[in-house]
Amino acid sequence: MVLKIRLARFGKRNAPFYNIVVAQARTARNSKPLEVLGTYDPIPKPPPTGEGKAIKDIKLDTSRAKYWLGVGAQPSDPAWRLLSMVGLLEPKYHGQRVEEGER
């Protein structure tokens, strides 16, 4: 059984909201997952103090995410990006720099 950590979309049109879920790799995007690890709201909200950058809300049960990563669940690319923001994984894509000798 191949497991994936991926995003399941909820919400309305033009107002997406995602659950971060663990599901079997061959199931549909919004089918019933094995476990819901957290939520992700990609629409920026103003900060509570009213100053600074807008905040995209990520809520994640890190202990369960570590468990599923430990037993071999493979995160999708968007889920990888969110897990790296939280600090559970290394960022997948580093900005590639051009060395002086390679030009």
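1. Buried, as used in this note, means under 20% relative accessible area. In this predicted model, Tyr18 and Tyr40 are both buried.

2. The structure contains two aromatic pairs. In one of them, the ring centres of Tyr18 and Tyr40 lie 6.2 Å apart and the ring planes meet at 25°, so the pair is stacked. This pair connects distant parts of the chain, since Tyr18 belongs to strand S2 and Tyr40 to strand S3, 22 residues apart.

3. The other pair is formed by Tyr67 and Trp68 and is edge-to-face, with 5.2 Å from centre to centre and 75° between the planes. Which of these partners is buried, and which is partly exposed? Trp68 is buried, with a relative accessible area of 12%, whereas Tyr67 is partly exposed, at 41%. The assignment of Trp68 follows from the cut-off, because a buried residue must fall under 20%.

4. Trp68 also deserves attention for its surroundings. Leaving aside neighbours within four places in sequence, Trp68 is in contact with Leu3, Ile5, Val22, Glu35, Leu37 and Ala73. The contacts of Trp68 thus include a glutamate, Glu35, alongside residues such as Leu3 and Val22.

5. The largest nonpolar core has 14 residues, and those that touch the most other members are Ile5, Ile20, Leu37 and Trp68. Two or more residues of this core come from each of strand S1 (3–12), strand S2 (15–24), strand S3 (35–45), helix H1 (62–70) and helix H2 (77–86). Two of the contacts of Trp68, Ile5 and Leu37, are named again here. As general background, nonpolar side chains in soluble globular proteins tend to be buried together.

6. Helix H2 may be considered separately. Its buried residues are Ala79, Leu82, Leu83 and Ser84. Against which elements do the buried residues of H2 pack? They pack against S1, S2, S3, strand S4 (55–60), H1 and strand S5 (74–75). Just after H2, Gly87 adopts a positive phi of about 105°.

7. Asp41 is a charged residue to inspect in strand S3. Asp41 is buried, with a relative accessible area of 12%. The side chain of Asp41 is joined to that of Lys45 by a polar contact of 2.9 Å. Beyond its neighbours within four places in sequence, Asp41 is in contact with Pro16, Phe17, Lys56 and Asp57.

Terms used
Residues are numbered from 1 along each chain as its sequence is written. This is a predicted model: local features need pLDDT of at least 70, side-chain atom pairs count only at pLDDT 80 or more; totals for chains, interfaces and linings use all residues. Side-chain values use heavy atoms; hydrogens and water are left out. A nonpolar core is a set of buried Ala, Val, Leu, Ile, Met, Phe, Trp, Tyr and Cys residues joined through side-chain atoms within 4.5 Å. Buried means under 20% relative accessible area, exposed over 50%, partly exposed in between (1.4 Å probe, protein chains only). Helices (H or I, at least four residues) and strands (E, at least two) are DSSP runs, numbered from the N terminus. Contact means heavy atoms within 4.5 Å. Rings of Phe, Tyr and Trp (its six-membered ring) pair if their centres lie within 6.5 Å; planes under 30 degrees apart count as stacked, over 60 as edge-to-face and the rest as tilted. A polar contact is a pair of N or O atoms within 3.5 Å; within protein, one must be able to donate a hydrogen and the other to accept it, and residues adjacent in sequence count only if both atoms are side-chain atoms.
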